2 protein chains.
Amino acid sequence: MVQVAPCVPLYWRFARHGCYNLSVKVSELGEFGLINLIGEMVGRAGKAPGGLILGIGDDAAAWKCAGGTQLGTVDSLVEGVHFTLDTISWEELGWKSLAVNLSDIAAMGGVARYALISLALPPETTVADVTAFYRGILELAGKTGVALAGGDTCRSPLVNITITVIGEAPGGKMLRRYAARAGEMVAVTGYLGSAAAGLVMLSGNLNLETGLAACLDTAFHKPLPRLAEGRILVENDVRAGMDISDGLVIDLGHLAEMSGVSARIEAEKVPVEPRVKESFGKRALELALSGGEDYELLFTADQETIIRLQKVLPVPVTVLGEVIAGKAGKVSVVDGKGREIALSSPGWEHFTA
Amino acid sequence: MVQVAPCVPLYWRFARHGCYNLSVKVSELGEFGLINLIGEMVGRAGKAPGGLILGIGDDAAAWKCAGGTQLGTVDSLVEGVHFTLDTISWEELGWKSLAVNLSDIAAMGGVARYALISLALPPETTVADVTAFYRGILELAGKTGVALAGGDTCRSPLVNITITVIGEAPGGKMLRRYAARAGEMVAVTGYLGSAAAGLVMLSGNLNLETGLAACLDTAFHKPLPRLAEGRILVENDVRAGMDISDGLVIDLGHLAEMSGVSARIEAEKVPVEPRVKESFGKRALELALSGGEDYELLFTADQETIIRLQKVLPVPVTVLGEVIAGKAGKVSVVDGKGREIALSSPGWEHFTA
């Protein structure tokens, strides 16, 4: 390992972002700083061999194969970071682990085909736990036509579930993060904030009406990835989109940054499930803007396309803002009178406090 | 989660292996019991959709795509289980994490194409650590023509590295675990036991001659996956093979079990690097038989094929035993007089003590 003398700091140099101090911790760099660092190292290593179409930076990687375009995505869920076994059952954990990965394929407008599951488990995990976990995975795999192709099991003091999903992008059409253009509308599928409301309910032992409680529990524990919706988007020539995992504002910020544009959201238009609005009051908007884990699709398109999509998509499609020319990645949230609303937190980021 | 009353145990029933007591821990089931359990749950879930050729049980999964046969494999390395940061540098860790996965593609006789890297890191990890880790990965990726297509980063109290490699099996030809036939020779590439000798050296602070120490350090920290060798094996119509990761005897046991045959190894023929034999004495054989982590290829073929391979492979090919009719999975090790040698441990298995 490189030793860094405090008075003569060594730097790792990159073309795009200048240099990194080698003694900086990833907690200071932040999740997205870390992703940039890795992306630049990989880029510096030279042109990728073979038919890589999309590398680091989008919801999934994409590469050419003889028959078309393939997609690959991987995501880890770590005990104590992404979940605790006090608030999620093993069966729900299985479903959710696969769902968050399938959502990345949905976010590309792709078709999910195969899953590889790497499961690190404490030795005291029981057969009941493992079978419940796989029941959850298999239930969602069955609903989405995904085959469990293989995986790996190993011992670990903490549960770590890492799932890889391989999919296809028929005709090479994909929802990309860099393709938003000024003048387009910003739209989302479904309702936002229900998953975060579910987490608030579970953490705070809120006593909600049974129907709503079940709905929030499902939103948080068993999200349904928008695979069919993603396909319909690309078939209707939507080019820019992603899924909402970290939170609407932070994710729209990523889309806007990669597209070199700004975006404005009208707070009143953000779609929140009516019962959530009623039960959570003012907090509902905050949950919808920055709660994350909704796994709905966020996309940009012209008005005509969105009107067409509202007729064919099986879920509500809501226009909540617009793409505007301006500083890359800037997202402003405005109230009914056009005044900017300050946010306490834009959304979820790993590593930073 | 399912509650199990001690006097009325519930069982999870499977076609092949009967039933599992739900309260049994994975430490009692063992790694391979767990893999069987998962394999059977997945199998019970019904016929896999699409073109899955190989599911759980071999070194990699395989599926049809328009242009041919694709391979996918995933493996995790967990801090404190597979490595400790006291004895491996971040750069070596990067190399080794990719190497163990590429070895699974080599074990299928495939061509490795794309890697997806999921990296769970403690927040105090430095930029120097991360850049060193990726330097190690990129060095091996460059040597093997693999493109880093994407991945995931997240926070975790422990380092967990999970790498997925996607590859191809040209012409659909693969080295399979079920294809060994009685009468064939058992052969391996390279030398065995050097990686385990490296671990003994590092753990025990053995003071070995500099050249040997460097060689053992490389064997343990920077194994070179036998990708070219795997390709030559399938091109020469070898059908049964795998890589040696858990140890010669335990891995040959897996090959024999899946092929429904037994195997016999002649201890004197097991190829051990001469300097390892000299420095480790009698222990060298034990390291070669059960040490694991050699990432050499183990395969079976007729004598004529092996003689041909000895001429074309760039590494030594040693015949060390034969496939015999008998109890599926039984492996015996015999001395020069044909007497069976008892082993203290057949090799590495997760979960069991």
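**Exercise 1. Find which residue of chain A comes closest to the rotation axis, and work out how the two copies are related.**

Step 1. Look for the C-alpha atom: A:Gly67 comes closest to the rotation axis of the residues of chain A, at 2.6 Å. Before going on, note that this is a predicted model, in which local features need pLDDT of at least 70 and side-chain atom pairs count only at pLDDT 80 or more, while totals for chains, interfaces and linings use all residues. Residues are numbered from 1 along each chain as its sequence is written, and chains are lettered from A and ligands numbered from 1 in the order in which they are written.

Step 2. Superpose the copies, by least squares on the C-alpha atoms of residues with pLDDT of at least 70 in both. A turn of 180° and a shift of 0.0 Å along the axis lay chain A on chain B with an RMSD of 0.0 Å. The two copies are thus related as by a two-fold rotation axis.

**Exercise 2. Describe the side of chain A that touches chain B.**

Step 1. Count the contacts, where two residues are in contact if their C-beta atoms, placed from the backbone, lie within 7 Å. Here 82 residues of chain A are in contact with 82 residues of chain B.

Step 2. Assign the elements; helices (H or I, at least four residues) and strands (E, at least two) are DSSP runs, numbered from the N terminus. Among those of chain A that give two or more residues are α1 (26-44), β4 (61-65), β5 (68-78) and α3 (127-144). The most comes from α1(A), with ten residues.

Step 3. Sort by type, with Ala, Val, Leu, Ile, Met, Phe, Trp, Tyr, Cys and Pro as nonpolar, Asp, Glu, Lys and Arg as charged, and the others, Gly among them, as polar. This side of chain A divides into 48 nonpolar, 26 polar and eight charged residues.

Step 4. Compare the two sides: 100% of the interface residues of chain A are also interface residues in chain B, so the copies meet through the same surface.

**Exercise 3. Place A:Cys65 in its surroundings.**

Step 1. A:Cys65 lies in strand β4 of chain A.

Step 2. Check burial: a residue is buried if 20 or more other C-beta atoms lie within 10 Å of its own, exposed if 12 or fewer, and partly exposed in between, with C-beta atoms placed from the backbone. A:Cys65 has 18 such atoms within 10 Å and is partly exposed.

Step 3. List its contacts. Leaving aside residues up to four places away in sequence, A:Cys65 touches A:Gln70, B:Cys65 and B:Gly67.

**Exercise 4. Decide whether β6(A) is largely enclosed or open, and find its partners.**

Step 1. Eleven of the eleven residues of β6(A) are buried, so this strand is largely enclosed by the rest of the structure.

Step 2. Find the pairings; two strands pair if DSSP finds at least two bridges between them. β6(A) runs antiparallel to β8(A), joined by nine bridges, and A:Ile117 stands opposite A:Ile163 in β8(A). With β7(A), the pairing is parallel over eight bridges, and A:Tyr114 stands opposite A:Ala147 in β7(A).

**Exercise 5. Describe how domain 2 and domain 3 of chain A meet.**

Step 1. Take the bounds, which come from an automatic or database domain assignment: domain 1 (11-44), domain 2 (52-171) and domain 3 (175-334).

Step 2. The C-alpha centres of domains 2 and 3 of chain A are separated by 22 Å. Each of these domains gives 22 residues to the contact.

Step 3. On the domain 2 side, α2 (90-106) and β6 of chain A each supply at least two residues, and α2(A) gives the most, with ten.
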